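Q: I have a structure open and have not looked at it before. Can we go through it step by step?

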Amino acid sequence: MTGARGRKRPPHRSVLLHGALLAASAIAVLPVLWVLLTSLKPRSATLSDHLELFHNPSLAAYREVLTGNDGLFLRWFLNSTVIALLTTVIGVFLAATGGYAFSRYRFPGYRPMLGGFLVTQMFPGIILIVPLFNILTNLRLVNTHIGLVVVYCTIAVPFCTMMLKGYFDTIPIELEEAARVDGLSPFGSFWRIVIPLSVPGIAVTAFYSFLTAWNEFLLANILMTGDANKTLPVGINGYVDQFRQDWDLLTAAAVLIMIPALGFFYWAQRYLVTGLTAGGTKY
Amino acid sequence: MAATAPAVERVRPPWRESRVRRFVRVHWYAYAMLVPVTVVMLVLVGYPLARGVFLSLTDADARNVGNRFLPASYQFVGLKNYTELLTGREGNFYPVLARTVVWTGVNVLFHYAVGLGLALMLHRSLRGRTVYRILLLVPWAVPTYVAAFGWRYMFNGDYGLFNQVLQGLGMAPRAWLNGPVSAFVAVIMVNVWLGVPFMMVAMLGGLQSINQDLYEAAEVDGASPFQRFRHITLPGLRSVSSTVILLGTIWTFNMFNVIYLITRGGPYNSTSILVTHAYIKFFDQRDFAVSATYGVLILSLLLVFATAYRRVTRSDKEVWA
């Protein structure tokens, strides 16, 4: 763990180290902090050219976001939450089964399939939009949650599969062999032995899938039409355009959106380093 | 890593079985596990991709693409869209491509350098390390579009934070997002901010996987800190680095949210990269065929890059599956 290996660091080096880390941390949280401070200001103050941290702080913008427009924001919030959670569950399931097969078996088609997964990482969403729109229309899935969930899974699953393959690679196969001798089925040993041992890897993939769905703008903007069907990114994009400058509403909405993302992140981050390195380093 | 198939081999049955049966018996479990993911990918990536390639060979746009009431009436035009783009007749392809390359190169360079620097600092025994780590991860945890809006607000020429500070210091405000160069620098800054935490975490993991005995041995042998970094740390990080740099390059090349939500590719198309340009072709101009052509070209470029990259890293005896 220790780079300095227990030796005392000279004081000026300590100051430099902490100084650099403090500066970096400040830059990292600055936009978030500024969004938070702005959300507490009245609209007039959000459009002032004068620098001030607080200006009659109130929760008025939050009240307007949550209750204004017939609660449309809550509708978007619900849409995004349902879509992100479904993407996470389905995405992790697909990635875990696929990743396990890639980790434990060599079968005809192994290399092309693995290569194919890497290639899908390179897909610009744009190339798929027109055909996807047609398919979803034919399946009557435009403007439905499940349509967007399935599309997001295709974005999240390849990366998650590779990650989990790498993670499963680190779990000794002897454990499964022992379980098989004790009479567990192949699916049983996957479900009872490998999955419980892979919590860090699964946490990272869950996190990645959730964020993919929670963040996506391009496809949602096209595949979900009509105010009530929008997801959060598409919805709040309307607060600020050439005709509106409702930064108070936008920032208040942004804070409300960040809370679940930060909460999820806080839960996942303890697994991040172990999960990501075991998975990410060797495919 | 399991090298042979299948991992948990059953005892070979005493009767002779046909090829097909043996194939099924040996591999059924692997394929069964792959069915869900493969079906989804084939239906939603394979088929649309094929359609997209096909559309790039037509003159499809909003008028002739067809809908519930109107049959499609677009025509097959062969490679016309490609020749228009690649000969520069469509005008925008090469400038936008050059900008995309700069965008990707600068971003990935900063992601990697800053990420590695922060990881090296966080890898020491240090008071408050957990707090620093959580704070530094914030840009990753914040939804991209929220960050993009936040930055756009801070860059605003009339009431953004940066101009408020400049004016507070008695300097003239600047219209950051209205100048081609300053707007491009601004979107790069935002994307660097967004991408550093991923690299930092990957590098931290890489550092933790380096055997500490190597450092002690080197110290005993009198290696300077720089020599230890150069000859132990960097080689130890090479395999993580080659993976995350490839991924980072692909992601940055296709990064849509930051540019589209902050500048929409403007002013005067001066910040658009290939993806945002293709999107504007699709969404604003409804030129589906040209948009699909851009998509195919983006994919081809990345494929060539990834293949070349893998060849180079593999010649360094890297472990690629």
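A: What follows is a short chat about the chains, their contacts and a few helix pairs.

A: Keep in mind that this is a predicted model.

Q: Ok. How many helices and strands does chain A come to?
A: Chain A has 12 helices and zero strands. Along the sequence, the pattern reads α-α-α-α-α-α-α-α-α-α-α-α.

Q: What box do the C-alpha atoms of chain A fill?
A: Roughly 70 × 70 × 35 Å, taken along the principal axes.

Q: And what share of chain A is buried?
A: Of the 283 residues in chain A, 48% are buried. As for contacts in chain A with a separation of 6 or more, 79% of them are between residues 24 or more positions apart.

Q: Now the two chains. How many residues are in contact between chain B and chain A?
A: On the chain B side there are 92 residues, in contact with 82 residues of chain A. Helix 1 of chain B, residues 19-55, gives the most to the chain B side, with 18 residues.

Q: What classes are the residues on the side of chain B that touches chain A?
A: That side has 68 nonpolar, 21 polar and three charged residues.

Q: Give me a helix pair across the chains. At what angle do helix 1 of chain A and helix 4 of chain B pack?
A: About 40°, with the axes 8 Å apart. Helix 1 of chain A spans residues 11-39, and helix 4 of chain B spans residues 129-141. At that angle helix 1 of chain A is oblique to helix 4 of chain B, and their crossing is left-handed.

Q: Which residues meet there, in helix 1 of chain A and helix 4 of chain B?
A: From helix 1 of chain A, they include Leu21(A), Ala24(A), Ser25(A) and Val32(A); from helix 4 of chain B, they include Tyr132(B), Leu135(B) and Pro139(B). The residues of this contact divide into 10 nonpolar, one polar and no charged.

Q: Switching to chain A alone. How do helix 3 and helix 6 of chain A pack?
A: Helix 3 (residues 60-104) and helix 6 (residues 145-169) of chain A pack at about 35°, with their axes 6 Å apart. The crossing of helix 3 and helix 6 of chain A is right-handed. Their contact has 19 nonpolar, eight polar and three charged residues.

Q: What about helix 7 and helix 8 of chain A, at what angle do they cross?
A: Roughly 135°, and their axes come within 10 Å. This makes helix 7 of chain A oblique to helix 8 of chain A. The crossing of these two helices is right-handed. Among the residues that meet are Glu176(A) and Arg180(A) in helix 7, and Ser189(A) and Ile193(A) in helix 8.

Q: Which residues touch the most other members in the largest nonpolar core?
A: Ala253(A), Val190(B) and Met203(B), in a core of 170 residues. Helix 7 of chain B, residues 180-208, supplies the largest share of this core, 17 residues. Leaving out residues up to four places away in sequence, Ala253(A) touches Val65(A), Phe73(A), Ile236(A) and Tyr239(A).

Q: Last one, Leu274(B): buried or exposed?
A: Leu274(B) counts as buried because it has 25 C-beta neighbours inside 10 Å. Leu274(B) is found in helix 11 of chain B, residues 274-283.

Q: What is Leu274(B) in contact with, leaving aside neighbours within four places in sequence?
A: Val96(B), Leu97(B), Thr100(B), Tyr294(B) and Ile298(B). Leu274(B) and Arg99(B) are 175 residues apart in sequence, and 8.5 Å apart in space, C-alpha to C-alpha.

Definitions and conventions. Residues are numbered from 1 along each chain as its sequence is written. Chains are lettered from A and ligands numbered from 1 in the order in which they are written. This is a predicted model: local features need pLDDT of at least 70, side-chain atom pairs count only at pLDDT 80 or more; totals for chains, interfaces and linings use all residues. Axes are lines fitted to C-alpha atoms, for helices over the stretch in contact, and angles run from 0 to 180 degrees between N-to-C directions. Helices (H or I, at least four residues) and strands (E, at least two) are DSSP runs, numbered from the N terminus. Angles under 35 degrees count as roughly parallel, over 145 as roughly antiparallel, 65 to 115 as roughly perpendicular and the rest as oblique. A crossing is left-handed if the near helix is turned anticlockwise from the far one by less than a right angle, and right-handed if clockwise. Two residues are in contact if their C-beta atoms, placed from the backbone, lie within 7 Å. Ala, Val, Leu, Ile, Met, Phe, Trp, Tyr, Cys and Pro count as nonpolar, Asp, Glu, Lys and Arg as charged, and the others, Gly among them, as polar. A nonpolar core is a set of buried Ala, Val, Leu, Ile, Met, Phe, Trp, Tyr and Cys residues joined through C-beta atoms within 7 Å. A residue is buried if 20 or more other C-beta atoms lie within 10 Å of its own, exposed if 12 or fewer, and partly exposed in between; C-beta atoms are placed from the backbone.
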